[in-house]
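Please open the structure in your viewer and keep the selection tool at hand, since this tour goes from one pair of helices to another.

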Amino acid sequence: MNLEKVIFGFFILLAFTLNFGFVIGQIDVAHQHDVNELFAAIVVNLIATVIKFGDRTQVGALHLATSLVADLQLIAASLVWWHAMNITQLGMTPGTTTTIVSLSAGALAANLVSVILLIGETLQHRR
């Protein structure tokens with residue numbers, strides 16, 4: 001067992017599950033989507049991105065691309081949340097919540113691709 005590969009897989013799966021946990025719920029109901037879970041998803045996705053920089057293969061490039069897409073969408077979601085809470089006087093409206101969750105769902109799709117790549121790569125590995 002390679003500890004580096006275990007850590008790599010751990011962060012890919014943790015990023016996916018945290019993102020899934022944030023997205024689950026009614027898309028326009030703000031109290032069903034916790035800001036702390038979004039923050040945790042961003043942090044773990046950023047850690048996963050840094051870990052993916054070491055792989056120089058084509059699959060590694062796809063892993064990095066999926067991670068960068070997830071980072072971008074999660075950061076955009078957090079900026080929409082910050083704007084709604086600090087700039088506008090409206091707060092978390094159903095429309096704002098829908099935008100945040102939709103951006104996070106896009107990140108979830110990118111994380112799912114990363115998980116599928118990881119599974120495919122693992123199944124092709126021979127001892």
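Start by selecting Val 35, Leu 38, Ala 41, Ile 42, Asn 45, Leu 46, Ala 48, Thr 49 and Lys 52 in H2, which meet residues of H3 that include His 63, Leu 64, Leu 74 and Trp 81; contact here means heavy atoms within 4.5 Å. By class, this contact has 13 nonpolar, six polar and two charged residues, where Ala, Val, Leu, Ile, Met, Phe, Trp, Tyr, Cys and Pro count as nonpolar, Asp, Glu, Lys and Arg as charged, and the others, Gly among them, as polar.

This is a predicted model, in which local features need pLDDT of at least 70, side-chain atom pairs count only at pLDDT 80 or more, and totals for chains, interfaces and linings use all residues. Residues are numbered from 1 along each chain as its sequence is written, and side-chain values use heavy atoms, with hydrogens and water left out.

Now show the whole of helix H2 (residues 35-52) and helix H3 (residues 58-86), which pack at an angle of about 150° with their axes 9 Å apart. Helices (H or I, at least four residues) are DSSP runs, numbered from the N terminus, and axes are lines fitted to C-alpha atoms over the stretch in contact, with angles running from 0 to 180 degrees between N-to-C directions. H2 and H3 are therefore roughly antiparallel, a term for angles over 145 degrees.

Next, select helix H1 (residues 3-23) and helix H4 (residues 94-124), whose axes come within 9 Å and cross at roughly 150°. That makes H1 roughly antiparallel to H4. The contact of H1 with H4 divides into 16 nonpolar, five polar and no charged residues.

Key. Helix = DSSP H or I, 4+ residues; strand = E, 2+ residues; numbered from the N terminus. Parallel < 35°, antiparallel > 145°, perpendicular 65-115°, else oblique.
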